[in-house]
Amino acid sequence: MNQIVEERTRRTEWYRDARFGMFIHWGLYAIPAKNEWIRSMEELTKEEYEPYRDEFSAENYDPRKWARLAKEAGMKYAVLTAKHHDGFCLFDSSLTDFKSTNTPCGRDLVREFLDAFRAEGIRVGLYYSVIDWRHEDYPHYGDMHHPMRNHPECSNENRDFNRYLTYLFGQVRELLTNYGKLDIMWFDFSYDKMRADTWRAEELIAMVRSLQPDVIIDNRLEGSGEDAGSILTGNPTSYSGDFVSPEQMIPPEGMRDEDGNPVPWESCITLNNHWGYAAHDHHYKSARMVIHMLVECVSKGGNLLLNVGPDATGEIPEEAVEILKEVGKWMKKNGRSIYGCGYAGLPKPEWGRFTRRQNLLYAHVMEEQAGAICLGKMAGKIDKMRLLRDGSVIKEASYWNLKEFGQNAFFFFDSDASDCYPLPDEKDTVVEIFLKEE
Ligand code: GLC
């Protein structure tokens, strides 16, 4: 293993066990309440967008409530947008006046977030956009995404990108020195010709590592949702990141490097269809679906970073709260099949998925079957089986109609019968299978 991979493996140990995190997109864009990209999508000028700062009061912001919710849902880490592409900072940066402390809210929202989540024992991360539509030295005209991209009068002639980089480095330094130990630094994102060298990624990472050697970093200084970068090669750069960050999808077979070695990864996925608060979007994923997404990620060796978008007052939408509480009920009984688990090394079964931790195999049964549930070619390999949520015995079935398929192991949920009933947990019924030592 080369040194970069070795360090990445060491640093990400807790992260690969944690499996489930909360992403929080919050900023001024919660006021227009359509999308965190609104300034770009609607090509709004500074004058059209910035007055929202005079309304930003965040009067219901109580991050202890968020933290308790994340904990109840079974989430082990959380990542908050310290600055998104619009440039608005939720922290008291000395390098800009475009920040929460300069609005009616007057608070350092990042600091309060960090304090509250740490108090609940949840690991903390900050999202920081290397794109900045507010900074005068960031390219405007002709940039792929800038709100003023179609305005020749906003030409880039007198813009000094190095001055922007000084700002970027300065803010990252602030976040990594003024707020205690951070577990994750989540940079977003490279695009077009703006990647890696553009951000002076090597130098930036060297600075980050010198300030916080153990912080885990995503792959987007070099890659993006579209292209993971050198983290998937046999020769990753120092700024290739510690994990891959697929977005709004779960990789078909997890993520591996060119040589087939698993690489840490995390799918970031919204709970409805938007990252930032979108007042009209009530299309939420059900608790059942969230559980299935999480199990799918874990079964492929990855994490799920599930997003919520609090409204402008600082409230996480009620629908999201209810869903997360439901997920939490399931996690309380079945979390053992998630934390510290990963690939089972078995084909995907008809009825759901497998996750595994050493010789503990977890059968996640999501679909009723016509008869006995088939575990695959595992006859003679099973020591015992228990229903995870209550520890009750599940026996291997040997009913007459299974005899023909003797290399396989089967079970019914009703250990003495061969009848089929609705699944004990329609969201996902987990059977803990103790495999014999090989
Ligand atoms: C994107 C979007 C963004 C969001 C992020 C989360 O690349 O630019 O708005 O914050 O993905 O992964």
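The dialogue below walks through the pockets and the aromatic rings of a predicted model.

Colleague: How should I begin to read empty space in a structure, and how much space lies in the largest pocket here?

Modeller: The general idea is that rolling a probe the size of a water molecule over the atoms shows where empty space is left. In this predicted model, the largest pocket holds about 560 Å³ of space. Its lining is made up of 30 residues, and those closest to the pocket's centre are Thr 9, Arg 16, Pro 262, Val 263 and Pro 264.

Colleague: Which helices and strands supply at least two residues each to that lining, and where does the largest pocket lie with respect to the domains?

Modeller: Helix H1 (3-11), helix H2 (13-18) and strand E8 (352-357) each supply at least two residues of the lining. Because domain 1 (3-337) and domain 2 (352-435) both give residues to the lining, the largest pocket lies between them. Sorted by class, the lining residues of this pocket divide into 10 nonpolar, 10 polar and 10 charged.

Colleague: What is the volume of the second largest pocket, and which residues lie nearest its centre?

Modeller: The second largest pocket has a volume of about 310 Å³, and among its 22 lining residues Trp 37, Asp 188, Phe 189, Arg 220 and Glu 247 lie nearest the centre. Its lining has nine nonpolar, eight polar and five charged residues.

Colleague: Turning to the rings, how many aromatic pairs are found in the whole structure, and how do I read one of them?

Modeller: A search of the whole structure finds 29 aromatic pairs. One of them joins Tyr 49 and Tyr 52, with 5.8 Å from centre to centre and 80° between the planes, and this pair is edge-to-face, because planes over 60 degrees apart are counted that way. Tyr 49 is buried, with a relative accessible area of 1%, whereas Tyr 52, at 22% relative accessibility, counts as partly exposed, since buried means under 20%.

Colleague: What kind of pair do Phe 88 and Phe 98 form, and are these two residues buried or exposed?

Modeller: Their ring centres are 5.2 Å apart and their planes stand at 75°, so Phe 88 and Phe 98 make an edge-to-face pair. Both residues sit in the loop between strand E2 (77-83) and helix H6 (109-119), 10 residues apart, and both are buried. Ring pairs also link Phe 88 and Phe 98 into a cluster with Trp 26, Phe 56, Tyr 61 and Trp 66.

Colleague: Which charged residues lie over the face of a ring?

Modeller: Lys 76 lies over the face of Tyr 339, at 4.5 Å from the ring centre, and Arg 200 lies over the face of Phe 169, at 5.7 Å from the ring centre.

Technical notes
Residues are numbered from 1 along each chain as its sequence is written. This is a predicted model: local features need pLDDT of at least 70, side-chain atom pairs count only at pLDDT 80 or more; totals for chains, interfaces and linings use all residues. Side-chain values use heavy atoms; hydrogens and water are left out. On a 1 Å grid over the protein atoms alone, a cavity is a set of points where a 1.4 Å probe fits but cannot get out, and a pocket is an open set with protein on both sides within 12 Å along at least five of seven lines; lining residues have an atom within 4 Å of a point. Grid points are joined across faces, edges and corners, and a volume is the space filled by probe spheres set on the points. Helices (H or I, at least four residues) and strands (E, at least two) are DSSP runs, numbered from the N terminus. Ala, Val, Leu, Ile, Met, Phe, Trp, Tyr, Cys and Pro count as nonpolar, Asp, Glu, Lys and Arg as charged, and the others, Gly among them, as polar. Domain bounds come from an automatic or database domain assignment. Rings of Phe, Tyr and Trp (its six-membered ring) pair if their centres lie within 6.5 Å; planes under 30 degrees apart count as stacked, over 60 as edge-to-face and the rest as tilted. Buried means under 20% relative accessible area, exposed over 50%, partly exposed in between (1.4 Å probe, protein chains only). A charge sits over a ring if NZ of Lys or CZ of Arg is within 6 Å of the ring centre and within 35 degrees of the ring normal.
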